[in-house]
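Me: I should like to go through the terms applied to this structure one by one. For each, please set the value against the criterion and then conclude.

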Amino acid sequence: MAAGGSAGWVRTPAVAGLFYPAEPDELRAAVAGHVAAGPPPAAASLPKALIAPHAGYRYSGATAGAAYRTVAALRGRVTRVVLAGPAHRVPVDGGGVGVSTAGAWRTPLGDVRVDVDACRALVAGGMAVEADEAHAPEHSLEVHLPFLQVVLGRVAVVPLVVGRCPPGSVAVVLDAVWGGEETLVVVSTDLSHYLDDTTARRRDRHTRHAILEGRVDDIGPYDACGCVPVGGLLLAARDHGIAPRTLAVATSADAAGDPARVVGYGSFGFDVPRPLVAGERRWLLRRARAAIVVELATGEPDPLGDDDVPERLRLPGASFVTLEHGGELSGCIGSLEARRPLWQDVARNARAAAFADPRFGPLEAGMLDRTVITVSVLSGLDPLPGSHDDLVTALRPGVDGVLLEAGGHRGTFLPTVWDKLPGAEEFVDHLVGKAGLPDRGWPDDAQAWRYTTDEFADADAG
């Protein structure tokens with residue numbers, strides 16, 4: 001490594017010939033082979049962010065290749081990659097996030113330009129420190145550069161080495177350099193280390209579920225060496241409305257490693273969650289009914305210990321569950337913000353609609369077979385104008401659900417309420433009453449949000 005602090009110097013490779021081939025043609029062929037071997041990317045899926053491993057290519061190259069194959073179509077569109085990984089060898093001063101002061105990082109395939117302005121801005125803003133000593137021997141970022149060069153071509157990088165700091169500190173940094181479509185975020189981590197293969201796969205499955213469900217506090221250093229940057233990405237992704245999906249999981253034993261002492265690997269892509277498909281809707285309806293059955297049979301809430309849950313339903317989500325018995329409403333309870341996995345939210349709201357809606361008595365055992373369950377999965381909340389007239393004008397009858405809040409009171413109407421209140425002004429005026437607000441004068445502190453719903457009913461009930 002050339003020394004200095006001037007952006008004119010180049011960081012030279014630390015692990016070429018060790019973690020990946022040092023000969024350019026061999027390296028390019030290795031990367032291309034790992035990318036080509038990955039599963040075809042989902043249609044119309046172009047991730048904004050990735051999690052990918054950083055071990056030697058012999059062991060984790062295929063798992064990393066599965067991640068990079070999903071962004072191959074972004075070549076020419078992505079011009080900058082924010083690359084964050086853990087510090088394995090030299091601590092970051094202050095334990096936070098460290099940038100490189102180099103103007104470029106070298107690999108056997110050529111030099112990768114560093115976004116020097118972005119790095120300097122992070123330091124100037126107090127979000128990061130200069131950490132060339134930590135970057136010099138570190139492999140967690142370097143091993144990704146040949147993948148970026150082969151798959152995306154000429155891109156600039158923002159190299160971030162992460163020390164012992166809260167995930168929230170990383171989230172702040174990622175948010176500052178998040179950018180638009182021109183920026184890809186890549187977090188580098190391996191999963192479990194040096195367990196036997198069976199135990200490793202079990203632990204990695206739990207870690208995968210924690211990543212999917214956004215449970216930052218449940219991912220520690222024994223689950224993923226890059227747990228801090230992973231947690232930072234999960235926090236930033238939530239704020240930007242994107243969520244993870246599994247691309248590949250493996251252990252070093254899959255590459256003829258020793259099954260008695262393995263390292264786990266996982267790749268994940270982050271993009272806007274896709275809509276639910278018919279099978280997932282049916283699964284949620286069955287699970288909602290099952291939560292009610294458990295409590296009717298045992299008198300206790302369903303413990304929700306399911307392990308075999310469709311992956312899409314593990315993403316945090318908000319829902320309402322409505323019960324109708326004999327054509328009449330008998331319970332409706334829901335959540336307005338995504339604070340837990342969607343499948344758990346639906347099951348808990350089904351239980352609450354059956355037994356804890358204060359407007360109705362608890363559901364009795366003989367009633368369930370004739371009860372229709374409807375699940376409404378909510379989109380995110382989008383702010384609306386706060387004045388009465390502007391709110392009425394902005395609403396889309398038949399489409400929008402609305403949350404209204406003022407003076408410590410709040411109320412919501414699902415989009416289905418438009419069937420009974422088809423006029424926007426009438427809709428708003430009734431919502432004011434539901435929220436418990438005075439019927440004279442419009443509150444100065446009124447705030448409103450709209451959302452849409454994906455609604456589906458229990459077709460087997462009747």
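Reply: A suitable starting point is L304, which is found in the loop between α9 and β13 (316-325). The model is a predicted one.

Me: Why is L304 called buried?
Reply: The relative accessible area of L304 is 10%. Buried means under 20%, so L304 meets the criterion.

Me: What makes the phi of L304 worth noting?
Reply: Phi of L304 is near 55°, a positive value in a residue other than glycine. Most residues other than glycine have a negative phi. Y194 also has a positive phi, of about 65°, although it is not a glycine.

Me: Where does Y194 lie, and how do you know whether Y194 counts as buried, exposed or partly exposed?
Reply: Y194 lies in strand β10, residues 193-195. Its relative accessibility is 47%. Buried requires a value under 20% and exposed a value over 50%, with partly exposed in between; Y194 therefore counts as partly exposed.

Me: What makes D400 a buried residue, and where is its place?
Reply: D400 has its place in the loop between α11 (388-394) and β18 (401-406). Its relative accessible area is 0%. The limit for buried is under 20%, so D400 is buried.

Me: How do you know that the side chain of D400 makes a polar contact with the side chain of R450?
Reply: The two side chains are 2.7 Å apart at this contact. A polar contact is a pair of N or O atoms within 3.5 Å, and the pair formed by D400 and R450 is counted as one. Leaving aside residues up to four places away in sequence, D400 touches A394, L395, P415, W418, F427, R450, Y451 and T452.

Me: Why are H209 and L212 called buried?
Reply: H209 is in helix α7 (residues 197-213), and L212 has its place in helix α7 as well. The relative accessible area of H209 is 6%, and that of L212 is 0%. With buried defined as under 20%, H209 is therefore buried, and so is L212.

Me: What does H209 touch, and what does L212 touch?
Reply: Not counting residues up to four places away in sequence, H209 touches R215, D307 and R314. On the same basis, L212 touches P244, R245, T246, E311, R314, L315 and P316. L212 and E311 are 99 residues apart in sequence, while their C-alpha atoms are 7.6 Å apart in space.

Me: What makes α9 oblique to α10?
Reply: The axes of helix α9 (residues 278-298) and helix α10 (residues 342-355) come within 8 Å and cross at roughly 45°. An angle under 35 degrees would count as roughly parallel, and 65 to 115 as roughly perpendicular. The angle fits neither class, so α9 is oblique to α10. The contact involves W283, L284, R287, A288, A291, I292, E295 and L296 of α9, with L342, W343, V346, A347, A350, R351, A354 and F355 of α10. By class, these residues are 13 nonpolar, no polar and 3 charged. The crossing of α9 past α10 is right-handed.

Me: Why is α6 called oblique to α8?
Reply: Helix α6 (residues 167-176) and helix α8 (residues 227-239) pack at about 60°, and their axes are 7 Å apart. Roughly perpendicular runs from 65 to 115 degrees and roughly parallel lies under 35, so α6 is oblique to α8. This crossing of α6 past α8 is right-handed. P167, G168, V170, A171 and L174 in α6 meet V228, P229, G231, G232, L233, L235 and A236 in α8. The contact has 9 nonpolar, 3 polar and no charged residues.

Me: How do you know which term describes α1 and α5?
Reply: Helix α1 (residues 24-37) and helix α5 (residues 145-152) pack at about 75°, with their axes 10 Å apart. Angles of 65 to 115 degrees count as roughly perpendicular, and α1 and α5 are therefore roughly perpendicular to each other. The residues in contact are L27, R28, V31, H34 and V35 of α1 and P146, F147, V150 and V151 of α5. They divide into 7 nonpolar, 1 polar and 1 charged.

Me: How many helices and strands are there in the protein chain, and what share of its residues count as buried?
Reply: The protein chain has 12 helices and 21 strands. Of its 462 residues, 53% count as buried.

Methods
Residues are numbered from 1 along each chain as its sequence is written. This is a predicted model: local features need pLDDT of at least 70, side-chain atom pairs count only at pLDDT 80 or more; totals for chains, interfaces and linings use all residues. Side-chain values use heavy atoms; hydrogens and water are left out. Axes are lines fitted to C-alpha atoms, for helices over the stretch in contact, and angles run from 0 to 180 degrees between N-to-C directions. Helices (H or I, at least four residues) and strands (E, at least two) are DSSP runs, numbered from the N terminus. Angles under 35 degrees count as roughly parallel, over 145 as roughly antiparallel, 65 to 115 as roughly perpendicular and the rest as oblique. A crossing is left-handed if the near helix is turned anticlockwise from the far one by less than a right angle, and right-handed if clockwise. Contact means heavy atoms within 4.5 Å. Ala, Val, Leu, Ile, Met, Phe, Trp, Tyr, Cys and Pro count as nonpolar, Asp, Glu, Lys and Arg as charged, and the others, Gly among them, as polar. Buried means under 20% relative accessible area, exposed over 50%, partly exposed in between (1.4 Å probe, protein chains only). A polar contact is a pair of N or O atoms within 3.5 Å; within protein, one must be able to donate a hydrogen and the other to accept it, and residues adjacent in sequence count only if both atoms are side-chain atoms.
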